[in-house]
Amino acid sequence: MTEQQWKAFAKWCLDNGQRKLTNEEKEAIKSAIDQASSLNEIVQVAFISLAIDSDR
């Protein structure tokens, strides 16, 4: 998969997952995904974003 396909997949998972995030939080995470310059950075964004709703 290309980097753009990974980004699209990550955003799809964010939109269609069962996580309790506000629209603002989702948009911020999507922006971070868009700014990622490698698959490694996309994965880092995914792991860091898990902390946002970990106590909800």
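This passage describes a pocket, an aromatic pair and several single residues in a predicted model.

The largest pocket holds about 280 Å³ of space. Its lining is made up of 14 residues, and those closest to the centre of the pocket are A10, C13, I33, I42 and A46. Three helices, α1 (3-16), α2 (23-35) and α3 (39-50), each supply at least two residues of this lining. The greatest contribution comes from α3, which gives six residues. By residue class, the lining of the largest pocket consists of twelve nonpolar residues, one polar residue and one charged residue. In general, places where empty space is left are found by rolling a probe the size of a water molecule over the atoms.

Helix α1 also contains K7. The relative accessibility of K7 is 5%, and K7 is therefore classed as buried, the limit for this class being under 20%. When residues up to four places away in sequence are not counted, K7 is in contact with I33, D34, A36 and I42. Of these contacts, I42 is also among the residues closest to the centre of the largest pocket, as is I33.

A single aromatic pair was counted in the model. The pair is formed by W6 and F9, with an edge-to-face arrangement in which the ring centres are 6.3 Å apart and the planes meet at 75°. The angle is over 60 degrees, so the pair counts as edge-to-face and not as stacked or tilted. Such a pair is described in general by two quantities, the distance of the centres and the angle of the planes. Because W6 and F9 are three residues apart in helix α1, about one helical turn separates them. Both rings belong to partly exposed residues: W6 is placed in this class because its relative accessibility is 31%, and F9 because its value is 42%.

Two further residues lie outside the helices. T2 is located in the segment before α1. With a relative accessibility of 44%, T2 is partly exposed, because the value lies between the limits of 20% and 50%. Although 37 residues separate T2 from L39 in sequence, their C-alpha atoms are 9.1 Å apart in space. K20 is situated in the loop between α1 and α2. At 57% relative accessibility, K20 exceeds the 50% limit and so counts as exposed. From K20 to A36 there are 16 residues along the chain, and the distance between the two C-alpha atoms is 23 Å.

Key
Residues are numbered from 1 along each chain as its sequence is written. This is a predicted model: local features need pLDDT of at least 70, side-chain atom pairs count only at pLDDT 80 or more; totals for chains, interfaces and linings use all residues. Side-chain values use heavy atoms; hydrogens and water are left out. Helices (H or I, at least four residues) and strands (E, at least two) are DSSP runs, numbered from the N terminus. Buried means under 20% relative accessible area, exposed over 50%, partly exposed in between (1.4 Å probe, protein chains only). On a 1 Å grid over the protein atoms alone, a cavity is a set of points where a 1.4 Å probe fits but cannot get out, and a pocket is an open set with protein on both sides within 12 Å along at least five of seven lines; lining residues have an atom within 4 Å of a point. Grid points are joined across faces, edges and corners, and a volume is the space filled by probe spheres set on the points. Ala, Val, Leu, Ile, Met, Phe, Trp, Tyr, Cys and Pro count as nonpolar, Asp, Glu, Lys and Arg as charged, and the others, Gly among them, as polar. Contact means heavy atoms within 4.5 Å. Rings of Phe, Tyr and Trp (its six-membered ring) pair if their centres lie within 6.5 Å; planes under 30 degrees apart count as stacked, over 60 as edge-to-face and the rest as tilted.
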